Amino acid sequence: MTDKAKINLLGMSRQELTDFFAQRGEKPFRAVQVLKWIHQRDCTDFAAMTDLSKAVRGWLADEAEVRTPEIVLEQSAADGTYKWLLRLDDGNCIETVFIPEDGRGTLCVSSQVGCALDCSFCSTARQGFNRNLTSAEIIGQLQVARGRMQPEDGQSRVISNVVLMGMGEPLLNFEPVLGAVSLMLEDNAYGLSRRRVTVSTSGIIPAMDRLHETLPVALALSLHAPNDALRNELVPINRKYPLGPLMDACRRYVGKGGHHSRVTMEYVMIDGVNDTPGHARELVRLLRDVPCKINLIPFNPFPDAGYRRSSETALARFRDILIQAGYTTITRRPRGDDIDAACGQLVGRVEDRTRRTLRYAKVPNASGVTPP
């Protein structure tokens with residue numbers, strides 16, 4: 001076989017690896033062995049997988065490989081944030097960000113090349129949409145970052161949390177995202193708990209319900225507005241899935257049988273657009289009876305954005321109204337903004353196919369059916 005014909009094992013689940021080995025007459029335990037070598041020991045060389053027989057290592061080298069995205073650029077910010085520009089097999093590029101915090105380290109991964117949802121305040125949206133990432137390309141970001149971030153003395157791991165909040169809308173790439181998240185939770189791979197893996201969405205209601213039914217990890221909603229008229233402008237998918245049904249979907253996600261007590265509401269603070277006391281009071285009314293906490297995110301500027309960051313005074317006033325209403329409210333300070341790694345700034349600075357052609361993904365309707 002040529003290298004191009006080789007099967008990339010990186011994104012395969014335990015069941016997929018079990019099937020892969022079974023088709024070649026091997027026992028199921030081979031899948032667990034290979035999972036541990038790839039995801040726990042960061043081993044990509046089959047010859048080094050010493051608990052496999054020589055014969056198995058031989059045909060694996062002929063038929064398969066473990067291939068991660070290529071690092072094109074690595075940048076570090078003054079606050080300790082790291083950003084990687086990664087090239088995929090087809091030449092497109094994505095970005096991945098590591099954010100160090102006291103007691104934990106969070107990796108923000110991408111799920112698509114570009115984004116289809118055209119949120120007006122987001123730099124990535126200006127790229128348009130090119131394609132979905134595969135499970136291997138999603139989990140490959142975790143593999144690359146972990147290989148670059150070595151634990152310090154006393155640390156068992158550097159990356160303790162993963163958030164799918166990078167480029168793209170994760171729930172418009174459901175199956176590959178589900179596959180990658182399953183590997184993040186797999187005890188024989190990364191072994192993260194459900195509360196340490198967060199999927200972000202702009203509000204794809206059918207996929208939110210499906211995620212709750214299949215693999216209910218932590219959920220973050222990109223809200224950004226307290227009423228439909230404003231959210232229609234800031235987050236255009238709201239025209240398809242407006243706030244009333246969306247809040248119902250959030251209640252279902254954390255309802256009976258749920259694994260999480262609340263949804264995280266992400267709210268970018270934009271000067272004079274969505275940051276007045278009146279907006280804050282509207283938000284209090286909107287979120288009534290929705291189990292949630294609220295992250296206020298100062299808008300991160302980018303060229304020709306057309307928006308400005310809310311003042312500290314406006315942000316504090318807005319936050320205080322929410323706190324007085326009983327909501328857990330956190331102000332997320334920009335991290336990595338000196339290397340364009342902050343929320344809403346992710347966009348590759350090398351030429352890729354998203355720059356040449358703006359193609360938009362088809363969004364499923366209320367029944368969860370994607371039009372042809």
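## Exercises on a predicted model

His224 sits in the loop between strand S11 (218–222) and helix H7 (228–234). The model is predicted. Each exercise below is followed by its solution.

**Exercise 1.** Classify His224 as buried or exposed, and state what marks its phi.

*Solution.*
- Step 1. The relative accessibility of His224 is 5%. Buried means under 20%, so His224 counts as buried.
- Step 2. Phi of His224 is near 70 degrees. That is a positive value in a residue other than glycine.
- Step 3. Set this against the general pattern. Most residues other than glycine have a negative phi.

**Exercise 2.** Locate Asp42 and give its phi and exposure class.

*Solution.*
- Step 1. Asp42 lies in the loop between helix H2 (29–40) and helix H3 (54–63).
- Step 2. Phi of Asp42 is near 55 degrees, a positive value in a non-glycine residue.
- Step 3. The relative accessibility of Asp42 is 36%. Partly exposed runs between 20% and 50%, so Asp42 counts as partly exposed.

**Exercise 3.** Find which residues UniProt lists for "binding site", then place and classify Cys119 and Cys122.

*Solution.*
- Step 1. The unreviewed UniProt entry lists Cys115, Cys119 and Cys122.
- Step 2. Cys119 is in the loop between strand S7 (112–114) and strand S8 (129–132). Cys122 also lies in the loop between S7 and S8.
- Step 3. Apply the cut-off of under 20% for buried. Cys119 has a relative accessible area of 12%, so Cys119 is buried. Cys122 is at 18%, so Cys122 counts as buried too.
- Step 4. List the contacts of Cys119, leaving aside neighbours within four places in sequence. They are Ala125, Ser202, Leu234, Val235 and Pro236.

**Exercise 4.** Describe how helix H5 (residues 174–185) packs against helix H6 (residues 205–214).

*Solution.*
- Step 1. Take the geometry. The angle is about 30 degrees, and the axes are 12 Å apart.
- Step 2. Angles under 35 degrees count as roughly parallel, so H5 is roughly parallel to H6.
- Step 3. Assign the hand. The crossing of H5 and H6 is right-handed.
- Step 4. Name the residues. From H5 come Phe174, Glu175 and Leu178; from H6 come Ala207, Arg210, Leu211 and Thr214.
- Step 5. Sort them by class. The contact has 4 nonpolar, 1 polar and 2 charged residues.

**Exercise 5.** Summarise the whole protein: how many helices and strands are there, and what share of residues is buried?

*Solution.*
- Step 1. The protein has 11 helices and 14 strands.
- Step 2. Of its 372 residues, 54% are buried.
- Step 3. Take the contacts with a separation of 6 or more. Residues 24 or more positions apart account for 66% of them.

Definitions and conventions: Residues are numbered from 1 along each chain as its sequence is written. This is a predicted model: local features need pLDDT of at least 70, side-chain atom pairs count only at pLDDT 80 or more; totals for chains, interfaces and linings use all residues. Side-chain values use heavy atoms; hydrogens and water are left out. UniProt positions are given in the numbering used here, feature names are shortened, and annotations may be inferred rather than shown by experiment. Helices (H or I, at least four residues) and strands (E, at least two) are DSSP runs, numbered from the N terminus. Buried means under 20% relative accessible area, exposed over 50%, partly exposed in between (1.4 Å probe, protein chains only). Contact means heavy atoms within 4.5 Å. Axes are lines fitted to C-alpha atoms, for helices over the stretch in contact, and angles run from 0 to 180 degrees between N-to-C directions. Angles under 35 degrees count as roughly parallel, over 145 as roughly antiparallel, 65 to 115 as roughly perpendicular and the rest as oblique. A crossing is left-handed if the near helix is turned anticlockwise from the far one by less than a right angle, and right-handed if clockwise. Ala, Val, Leu, Ile, Met, Phe, Trp, Tyr, Cys and Pro count as nonpolar, Asp, Glu, Lys and Arg as charged, and the others, Gly among them, as polar.
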